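Reader: I would like a close look at a single part of this model, taken slowly and set in its surroundings. Please pick one helix and work outwards from there.

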Amino acid sequence: MDQNMDENSSFEKDEQTIEREIEALLFASDTPLSAAKLAGLTGAASSRSILSAIGSLSRFYRESNRSYTIVEVAGGYQLITLPEFSGTVSRLFKGKKKAKLTRPALETLAIVAYKQPISRMQIEAIRGVSCDGVLATLIERELISISGRGDGIGKPFLYSTTKKFLEYLGLKDFRDLPSFEELERRFAMDTAAVRPLVPPPAVETGENGERQINGQ
Amino acid sequence: MPYQIRLVQFEGPLDLLLHLIRRDKINIYDIPISHITREYLVYIEVMQELELEVAGDFFVMAATLMRIKSQMLLPRHEGLEEEEVDPREELVRNLLEYRKFKEAAHCFAEKEEDRRRVFPRPVIHPVEEDASEEPAEVGLFDLLEALQGVFENLKHQAIYRVVPDSVTVEQKIEMIRANIARRSEVLFTELFNGKFTKMEIIVTFLALLEMIKLGELVARQMSHGADIWLYKPGFGSYIDADGSEHG
């Protein structure tokens, strides 16, 4: 694939060394590492050689039936466990995982994500309700941050999403957000099945991401 | 319990309106305003009956609906037709805009769920720093912790009853000052070497605190729990560290 990699420099590390170094870096890092950063840390010639090394590593994990893989997220690469181990690993972190975002928090986050930078007033105009508490939660969870001040009365704070936001939703970058057209389509599909007026009481269905096997 | 379900279901007036529109299969671009107003008010009433705190935003919307309704009842001027704006227009625009983000939130929830099923490497707690790194200045609590250690040691020592020397803080400051002048850096525990009584330890500690306050001493350590070193300000201050090490 990249056979001519080392013709430029006699100091060029061989592909396998770079691959192993990348693996070590991804293993040690608690945040996604960009191709540029990986290139810098390994001294690899180009981002392209990084990409090919990552491709070859993930292929190797898949073929050797490992329980983890490399994903592209928040502009970088990250080692993660496979979804099928969600049940097992969840037990390890039982009680330590942060709660899911509430519906108002998700709505507010969505508005910030698509309209950033945006002031609290503008968010409230869209949602039709006050957003103070939700904004505080989102800031506290480092999913949004104050990115500047607007021109309006009192120079209001403007909010934008953070890198952590992309990571939180597992998005590669902003282009990975669903487009408005896509949202409209999804909406049309949702409306087809009209939901009941009052949903049934929230009974724990025990679907903690664990696949239930019907042993019959 | 049903209280909570309702609250969760309607985040705000727009949410409630969208629900009614969906429930009654209403064309959002041509909302029968008197019908929707009536239904909306019924809901508000129910919420109040359940003694739910109905947010002010819900009443603002009720007023808006009634205003639109009255505007719709006004006779239209035939000649001015193209100038006329549908009184519902702004509301519809808001509803459509809100609906998009509601759907986006839906989609975010799915992505959140997916992401929660995979686990990245947890946050790293950095390993012991390299000795060449700059030690951090310590605070009162680190010093107290170190003092605790001194007391701990005291317990293990054979206790000799001695007539207490009445050492004052001032005298101790003089002694530490002389010590530090000679060597420019002293280990915290060194100050307490020797057969000290509890009182003497405390006096020494107070002297130390006083000197730090006066800026005559700086206490630093490489990492939490590591040895605390006392420096003359400007000495061993690692700021233009050229790999100087201690210990």
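Author: What follows starts at helix 7 of chain A and moves outwards to the parts around that helix.

The model is a predicted one. Chain A holds 9 helices and 5 strands, and from the N terminus on the elements run α-α-α-β-β-α-α-β-α-α-β-β-α-α. Of the 216 residues in chain A, 26% are buried.

Helix 7 of chain A spans residues 132–140, and its buried residues are A:Val134, A:Leu135 and A:Leu138. Why do they lie on the same side of helix 7 of chain A? They cover an arc of only 100° around the axis, and this puts them on one side. The spacing follows a general rule: an α-helix has 3.6 residues a turn, so residues three or four places apart point the same way. The face turned away from the buried side of helix 7 of chain A carries the exposed residues A:Asp132, A:Gly133, A:Ala136 and A:Glu140. Just after this helix, A:Glu142 takes a positive phi of about 60°.

What do the buried residues of helix 7 of chain A pack against? Their partners are helix 5 (103–115), helix 6 (120–127), strand 4 (144–149) and strand 5 (157–161) of chain A.

The two strands among those partners belong to an open sheet of 3 strands in chain A, with the order 3-5-4 and antiparallel pairing. Strand 3 (118–119) and strand 4 of chain A are the edge strands, each pairing on one side only. Between strand 4 and strand 5 of chain A the antiparallel pairing runs over 5 bridges. One residue pair can be named here: A:Gly148 has A:Leu158, in strand 5 of chain A, as its bridge partner. In general, strands of a sheet pair through backbone hydrogen bonds, either parallel or antiparallel.

Helix 5 of chain A, another of the packing partners, lies across strand 3, strand 4 and strand 5 of chain A. Helix 5 of chain A runs at about 95° to strand 5 of chain A.

The next step outwards is the nonpolar core. The largest one has 44 residues, of which A:Leu109, A:Ala110 and A:Val112 touch the most other members. Helix 7 of chain A is among the elements that give two or more residues to this core, as are helix 5, helix 6 and helix 8 of chain A. Chain B contributes as well, through helix 2 (13–23), helix 3 (33–49), helix 4 (56–73) and helix 5 (89–116). A:Ala110 shows the link between the chains, touching B:Phe101, B:Ala104, B:Ala105 and B:Phe108. In soluble globular proteins, nonpolar side chains tend to be buried together.

That leads to the contact between the chains. In total, 39 residues of chain A are in contact with 37 residues of chain B. Strand 2 (76–81), helix 4 (86–92), helix 5, helix 6, helix 8 (163–169) and helix 9 (180–192) of chain A each supply at least two residues of the side that touches chain B. The largest share, 8 residues, comes from helix 5 of chain A. By class, this side of chain A has 25 nonpolar, 8 polar and 6 charged residues.

To return to the starting point, helix 7 of chain A turns A:Val134, A:Leu135 and A:Leu138 inwards as its buried residues, and these pack against helix 5 of chain A among others.

Methods:
Residues are numbered from 1 along each chain as its sequence is written. Chains are lettered from A and ligands numbered from 1 in the order in which they are written. This is a predicted model: local features need pLDDT of at least 70, side-chain atom pairs count only at pLDDT 80 or more; totals for chains, interfaces and linings use all residues. A residue is buried if 20 or more other C-beta atoms lie within 10 Å of its own, exposed if 12 or fewer, and partly exposed in between; C-beta atoms are placed from the backbone. Helices (H or I, at least four residues) and strands (E, at least two) are DSSP runs, numbered from the N terminus. The arc is that of the directions from the helix axis to the C-beta atoms. Two residues are in contact if their C-beta atoms, placed from the backbone, lie within 7 Å. Ala, Val, Leu, Ile, Met, Phe, Trp, Tyr, Cys and Pro count as nonpolar, Asp, Glu, Lys and Arg as charged, and the others, Gly among them, as polar. Two strands pair if DSSP finds at least two bridges between them. Axes are lines fitted to C-alpha atoms, for helices over the stretch in contact, and angles run from 0 to 180 degrees between N-to-C directions. A nonpolar core is a set of buried Ala, Val, Leu, Ile, Met, Phe, Trp, Tyr and Cys residues joined through C-beta atoms within 7 Å.
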